Amino acid sequence: MSDMQDLLEIPKDFVKDGTQFMTRCTKPDRREFIQISKAVGVGFLVMGAIGYLIKLIHIPVNNILVGAA
């Protein structure tokens, strides 16, 4: 019987933790939202620039390797 109670406690604890988490969460204010959006935008630009530079270096190296064959 103890095993059954342990199995029933898992969903109860999950729901309890979930409701506590949702009550603590707040919507970001305008300043915080703009700051997060800027950080995400900068991250996209940095990752895009890194990908572009890798592709820029990869194409000539690949042509040298494949063209030599």
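What radius of gyration does the protein chain have, and what would a compact globule of 69 residues have? In this predicted model, the protein chain has a radius of gyration of 26 Å. A compact globule of 69 residues would have one near 11 Å. The C-alpha trace spans about 75 × 45 × 5 Å along its principal axes.

The secondary structure consists of two helices and zero strands. Helix α1 covers residues 2–24. Helix α2 covers residues 30–67. Buried residues make up 0% of the 69 residues. The protein chain exposes about 6800 Å². Carbon and sulfur atoms supply 70% of that area.

The charges were examined next. The protein chain carries 8 positive and 7 negative charges, and their mean positions are 18 Å apart. A patch of negative charge lies on the surface, where Asp-3, Asp-6, Glu-9, Asp-13 and Asp-17 gather. Asp-13 is placed in helix α1. Its relative accessibility is 38%, so Asp-13 counts as partly exposed. Patch membership requires over 30% relative accessible area, and the 38% of Asp-13 therefore meets that cut-off.

A nonpolar patch is also found on the surface. Tyr-52, Leu-53, Leu-56, Ile-57, Val-61, Leu-65 and Val-66 form this patch. Together these residues have about 740 Å² of accessible area. One of them, Val-61, lies in helix α2. Val-61 is partly exposed because its relative accessible area is 43%, a value between the 20% and 50% limits for that class.

Terms used
Residues are numbered from 1 along each chain as its sequence is written. This is a predicted model: local features need pLDDT of at least 70, side-chain atom pairs count only at pLDDT 80 or more; totals for chains, interfaces and linings use all residues. Side-chain values use heavy atoms; hydrogens and water are left out. Patches are made of residues with over 30% relative accessible area and no salt bridge: like charges are joined within 9 Å, nonpolar side chains (Val, Leu, Ile, Met, Phe, Trp, Tyr) within 5 Å. Accessible areas come from the Shrake-Rupley method with a 1.4 Å probe; for residues, only the protein chains shown count as cover. A salt bridge is a side-chain nitrogen of Lys or Arg within 4 Å of a carboxyl oxygen of Asp or Glu. Helices (H or I, at least four residues) and strands (E, at least two) are DSSP runs, numbered from the N terminus. Buried means under 20% relative accessible area, exposed over 50%, partly exposed in between (1.4 Å probe, protein chains only). The radius of gyration is taken over C-alpha atoms; the globule rule is 2.2 Å times the number of residues to the power 0.38. Lys and Arg count as positive and Asp and Glu as negative; His and the chain ends are not counted. The place of a charge is taken as NZ of Lys, CZ of Arg, CG of Asp or CD of Glu.
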